[in-house]
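Student: Hello! Could you walk me through the structure shown here?
Tutor: Gladly; take a look, and then ask away.

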Amino acid sequence: MKIVFTMFFLAFNWLAFSQPTGFTKVENSAALEKEIEAHSAKLISITSDFIQEKTMAYLDEVIVSKGKFWYKRDNNLRWQYNEPFEYVIGIKNGQFSIKDQGKVRVFDVSSNPAFKELNDLILSIAKGNLIQDNRFAMEAFEDKTTYFLKLTPKDANMKKFIQQTDLYISKQDGVATKVIMRESDTDYTIISFVNRHLNDAISDTVFDIK
Amino acid sequence: MRFLTLCLILSSFFFSDTFATNPARLDEKVEMKTVLGVAYNSMLYKTSISFREYAFSGLVLFKKQEMDSSTHIVFMSEFGMTMLDIKYKNDQFEVVSAKEFFSHPKLLQVIFDDFRILLQDLNKIEKVRFSTTCKEKTNKLKFRHFSDTFIYLYQSDFLVKQAKWRKNMLRVVKVQFERNAAGQPQTMNFTHRGVSLVVNMELLNLKE
């Protein structure tokens, strides 16, 4: 009886993990890719607030940070934490800048592979086009309003940091509404994008980190 | 030689006006207190580390676990990525999880030594010495533990304002505390003798 119960429990968990509740599998991933590409081609800018919730379930602790981000085509990004600390990451003209406690440090993306990787990853998350990133194995699901992409890193080194990334993309505009970065089953970070504005005019000076 | 001994004895009287080696006085003076000096369930610090020309930043969480009477110290990036989780329990540190860079034994030992200054369970200490300096009426708690020397300076109610840990002449760590109106350690700055390693921590949030 115990074995049957355990098998049932494991099978249920596997099902729950493999297919999120309320979502069905997208069979034609090529069409989905095309759809997201088409949205991406129309995207000029994004302005959005974000709420980041770092959950350590094994410690019963959630750390909430809030901020704002700006993206402007092609590769300009400002990711700014306002609460409970101030910290800004900026990407502009191949330069990666970090402002922390009033000090600005600038890194050349092209000369530093680690920053190039981080640069590409942040931009892909912001634009919602991680789907085209072949460093990840992808499974796609959908409900009425949202695509849910389950991205698993192929690279063993990357897997040490992130077990899985869940990306929720609005069907209406093709842009990410939520990202969940799972380090383990009990340790993950949810970033929710709220008050999103697409294709508003953004001054280039927003991306100057001073 | 006798003159030198006499000088040392006299100078110790000059710098301290009380002296004790009675363990009972630890309970009496720092009853139910910790070096951090406040009751908390969790404390979150913004942390910056500079080592030579390198600079790192992130968050450090102190989290008490009633279940097993442990305290976790979790290092994470601003993006939320857990880099290191260590646990202080039964007067020992152990690694819960560590990303590659943090799993270096020498680095872990530095981290254990630094955080022992803050988390040392004072009930595990058998012999302590108390003294009070004339200058600014600062109290001093000193003890040896695991062959290392620990010194804590405080003015009242065991709210530590400076701590020093010494393994030998070359390995010395100092921590400066600044406390807010509630007595919580608002900033904690670590310096390491002979190594250009500086750690600055600033309190963001405390949950009771």
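Student: Through how many residues does a hairpin join β11(A) to β12(A)?
Tutor: First, some ground rules: this is a predicted model, where local features need pLDDT of at least 70, side-chain atom pairs count only at pLDDT 80 or more, and totals for chains, interfaces and linings use all residues. Residues are numbered from 1 along each chain as its sequence is written, while chains are lettered from A and ligands numbered from 1 in the order in which they are written. Strands (E, at least two residues) and helices (H or I, at least four) are DSSP runs, numbered from the N terminus. Strand β11 of chain A covers residues 176–184 and runs antiparallel to β12(A), to which six bridges join it; the hairpin between β11(A) and β12(A) passes through two residues.

Student: Which residue of β12(A) is the bridge partner of A:Ile180?
Tutor: Strand β12 of chain A (residues 187–198) is also joined by ten bridges to β2 (residues 45–56) of chain A, again antiparallel. From β2(A), A:Glu53 has A:Ile190 as its bridge partner. For A:Ile180, the partner in β12(A) is A:Ile190.

Student: Which strands of chain A stand at the edges of the sheet?
Tutor: Chain A has four helices and twelve strands. Strands pair if DSSP finds at least two bridges between them, and an open sheet of twelve strands follows the order β1-β8-β9-β10-β11-β12-β2-β3-β4-β5-β6-β7 (chain A), with antiparallel pairing. Each edge strand has a single partner, so one side of it is left without a neighbour in the sheet; these strands are β1 (24–25) and β7 (103–108) of chain A.

Student: In β5(A), what is the bridge partner of A:Tyr81?
Tutor: Strands β4 (residues 76–83) and β5 (residues 87–92) of chain A run antiparallel and are joined by five bridges. In β5(A), A:Tyr81 has as its partner A:Tyr87.

Student: Over which residues of chain A does pLDDT stay under 50?
Tutor: pLDDT is the predictor's confidence in each residue, from 0 to 100. Chain A averages 84, and 84% of the residues score at least 70. The model has zero contacts beyond four places in sequence (a contact means C-beta atoms, placed from the backbone, within 7 Å) for the stretch where pLDDT stays under 50, residues 1–17.

Student: Which residues of α3(B) are buried?
Tutor: Helix α3 of chain B (residues 105–119) has 15 residues and reaches 20 Å from its first C-alpha to its last, close to the 21 Å expected at 1.5 Å a residue, where the expected span is 1.5 Å times one less than the number of residues. A residue is buried if 20 or more other C-beta atoms, placed from the backbone, lie within 10 Å of its own, exposed if 12 or fewer, and partly exposed in between. Strands β9 (148–154), β10 (160–166) and β11 (172–179) of chain B are among what covers the buried residues of α3(B). Those buried residues are B:Arg116, B:Ile117 and B:Leu118.

Student: Which strand supplies the largest share of the side of chain B that touches chain A?
Tutor: The contact takes 19 residues from chain A and 21 residues from chain B. On the chain B side, β2 (42–51), β3 (54–65), β4 (70–76) and β13 (195–207) each supply at least two residues. The largest share, five residues, comes from β3(B).

Methods
Contact = placed C-beta atoms within 7 Å.
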